[in-house]
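Subject: Structure for your review

Dear colleague,

I am passing on the structure we spoke about, together with some notes on what turned up when I went through it. Please read them with the model open beside you.

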Amino acid sequence: MTSWEQRERALHTLAKEVGYVKKPHGNRLRVALAFPNTYWVGMSNLGFQTVYRLFNAEDDIVCERFFLPPKQELAELSAAKAPLLTLESQTPVGDFDVIAFSVSFEWDYVNVLTLLRLAGVPGYAAERSPRHPLILIGGAVTFVNPEPLAPFADVIAAGEGEVLIPGLRRAVAAATDRDDLLRLLATERGFYVPSLYEPHYADDGTLAGYTVRDGVDAPLPVRKAALKVTDAVDPPATGIFTPDTEFGSRFLIEVVRGCANLCRFCWAGYNYLPVRAFPTDRILQLARDARTHSNRVGLVSIALCDHPDIERILANLLEMGYAISPASLRLDDLTESIVRVLRESGERTITIAPETGSDRLRRVINKTVTNDEILDRADLIFASGIENLKLYYMLGLPTETDDDLVAIRDLTLQIRDRMMKYGRPKGQVGRIIASVNPLIPKPGTAYQWLPMEDPSIVDRKIKRLRHLTAGIDNVFFNIKSERHSYYQALLSLGDRRVAPAIAAAERNGQNWRAAVDEAGIDGDFYIFRDRSRDAALPWDIIDGGMKRAFFEAEFQKSLREEWTLPPKRAQENARLLPVIQ
Ligand code: SF4
């Protein structure tokens, strides 16, 4: 594919967009912002859209986007060795001062390297020189455990863009050269410069800890940067509308950040604390402004109803003529009025996450709802006229037994009874789709020391659950095997030594088994080992705000089947606030 063809495609894409920013480059800091997946996926990502807006809101920065080209285009570009261009001005990506990646999923790590290759930039930081752009990697995944990506990044941005961008500007303005810039960045909150730190390993291969390199002034650990309050901050919202995304021209907006339910497996819950609501008036103003471009609003929050004004927000959005789709709903959010709003917005399916079928196991993971409450919610949903339900369950939870598998089947059958009760008289019975995923213990959770369950046990449980749930009318179980999660777990739990496997997977077309062999890595070491005696964990390099002692206590309570009740919203929030100060 020639540069001319790339330019034509970029212009074609821009012609369908509303809201992109085009600035002259002049003396501005030039940032090429990448989403390491396709345009279709990336433009649905609110974090990506928000960073684009935040960069371009600064007069002295110009930010342009680029994405992973679709397969065919990618092959043509690689073959032609034509430089990868940004969308807005079709400038070679390699000519920018900074290449910033917004990474949301472990599976996109290889795509970071593909994009660097297409841009003509060496993948490893150690192979680059100051004439290359500064490679900055940020996004949700990296501030949980950035280590597998550390050798590829000059800088890792750990935390929320609203706080990070001013720090980047300060460092760039003051720096005399690249080394100076890295050292200055390291002193700004939330910036982790991997080359300034050295990991140390014990004889058994476990991580012994990190040290800062001699003569360097850098914090250890690096403290995550997060907004303390959101009262005066514009909520992240769709700034560029295009029909070519997963959600079409839906207007996405974040209403409230974080979730205080403290489920013990949930990194999103722990890592976005405390719960912070965005200002109601700005939410409504932005929605009003976007109304000409969109007639459906997607509310992107993991704990939507923790916004103190949620009823007023929903009523106003309906009044504006929006149909409303929440990205996810907690079970305790499903009140009568919320379900009615969803029904009026034309939703025919609701997704809920019981996680497991037994109240006992839900106490283990601190999911503070009971089967009775779940069945009440199912009643409410089906009574409203919504026909279908998606359920999320997990397998391989601590203390799980065969009885808990039977409980998954039984709860699903009871939910199905509710569906039949309302569907049959209307002659219109919907369906239940239940997804079951093996638990991957995540960094920054109470389960961060746990090994993944032994594959032979998981296989047996999967077979048993398949047998238990086979042939139930109108119920479809989608049970993911442990093998599928293996490499995702490796990327989630790994340290810097995993990086060569990512590079090999990028070269060999993502044959992960071969890549791990080629890199000489023992994947089981990272995935199936109990880490509770390790001196340090790879992700300890970032201080996410939650203390080790808290996670240890939560883990012990988990084994005792004890709740940690969700904090009582505002009042408890004040208590949690110090974690990010
Ligand atoms: S309810 Fe639990 S699983 Fe859901 S976002 Fe909150 S903490 Fe996470």
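Which residues of β2 are buried on one side, and which on the other? On one face they are I61, C63, R65 and F67, while V62, E64 and F66 make up the other, so that both faces of the strand are covered. Before going further, please keep in mind that this is a predicted model.

**The sheet**

Strand β2 spans residues 61-67, and because seven of its seven residues are buried, the strand is largely enclosed by the rest of the structure. Its partner is strand β1 (residues 29-35), which runs parallel to β2 and is joined to it by seven bridges. Within this pairing V31 stands opposite C63, and A34 stands opposite F66.

These two strands belong to an open sheet of six, in the order β2-β1-β3-β4-β5-β6, and the pairing in this sheet is mixed. The edge positions are held by β2 and β6 (191-192), each of which pairs on one side only.

Further along that order comes strand β4 (residues 134-138), which is mostly covered, with five of its five residues buried. Here too both faces are covered, with L134, L136 and G138 buried on one side and I135 and I137 buried on the other. Strand β3 (residues 98-102) runs parallel to β4 and is joined to it by five bridges, and the bridge partner of V98 in β4 is L134. Between these two strands the chain passes through helix α5 (residues 109-118), and the resulting β-α-β crossover is right-handed. Strand β5 (residues 155-157) also runs parallel to β4, with two bridges joining them, and in β5 the bridge partner of L136 is V155.

**A loop glycine**

Is G120 buried or exposed? G120 is found in the loop between α5 and β4, and it counts as exposed because its relative accessible area is 56%, where the cut-off for exposed is over 50%. The C-alpha atom of G120 is separated by 9.3 Å from that of H132, a residue twelve places away along the chain.

**The nonpolar core**

The largest nonpolar core holds 185 residues, and the members that touch the most others are F101, F251, L317 and I415. Helix α5 gives the most to this core, with seven residues. For I415, if one leaves aside its neighbours within four places in sequence, the contacts are I374, L375, A378, F382, L389, L391 and I432.

**Around the ligand**

The ligand is surrounded by C259, N261, L262, C263, F265, C266, G269, I302, R330 and K367. Sorted by class, this shell has six nonpolar, two polar and two charged residues.

**Backbone details to check**

Two cis peptide bonds deserve a line each. One joins L220 and P221, with omega at about -5°, and P221 has its place in the loop between β8 (207-212) and β9 (222-223). Another runs from L273 to P274, with omega near -10°, and P274 has its place in the loop between α8 (267-271) and β12 (276-277).

There are also residues other than glycine with a positive phi. Phi of E355 is near 70°, and this residue lies in strand β15 (residues 349-355). E355 counts as buried because its relative accessibility is 8%, where the cut-off is under 20%. Phi of N366 is near 65°, likewise a positive value in a residue other than glycine, and N366 lies in the loop between α12 (359-365) and α13 (371-383). Why does N366 count as buried? The reason is its relative accessibility of 0%, which falls under that 20% cut-off.

With best regards

Methods: Residues are numbered from 1 along each chain as its sequence is written. This is a predicted model: local features need pLDDT of at least 70, side-chain atom pairs count only at pLDDT 80 or more; totals for chains, interfaces and linings use all residues. Side-chain values use heavy atoms; hydrogens and water are left out. Buried means under 20% relative accessible area, exposed over 50%, partly exposed in between (1.4 Å probe, protein chains only). Helices (H or I, at least four residues) and strands (E, at least two) are DSSP runs, numbered from the N terminus. Two strands pair if DSSP finds at least two bridges between them. A crossover is right-handed if, with the strands pointing away from the viewer, the path from the first strand over the helix to the second runs clockwise. A nonpolar core is a set of buried Ala, Val, Leu, Ile, Met, Phe, Trp, Tyr and Cys residues joined through side-chain atoms within 4.5 Å. Contact means heavy atoms within 4.5 Å. A residue is near a molecule or strand if one of its heavy atoms lies within 4 Å of it. Ala, Val, Leu, Ile, Met, Phe, Trp, Tyr, Cys and Pro count as nonpolar, Asp, Glu, Lys and Arg as charged, and the others, Gly among them, as polar.
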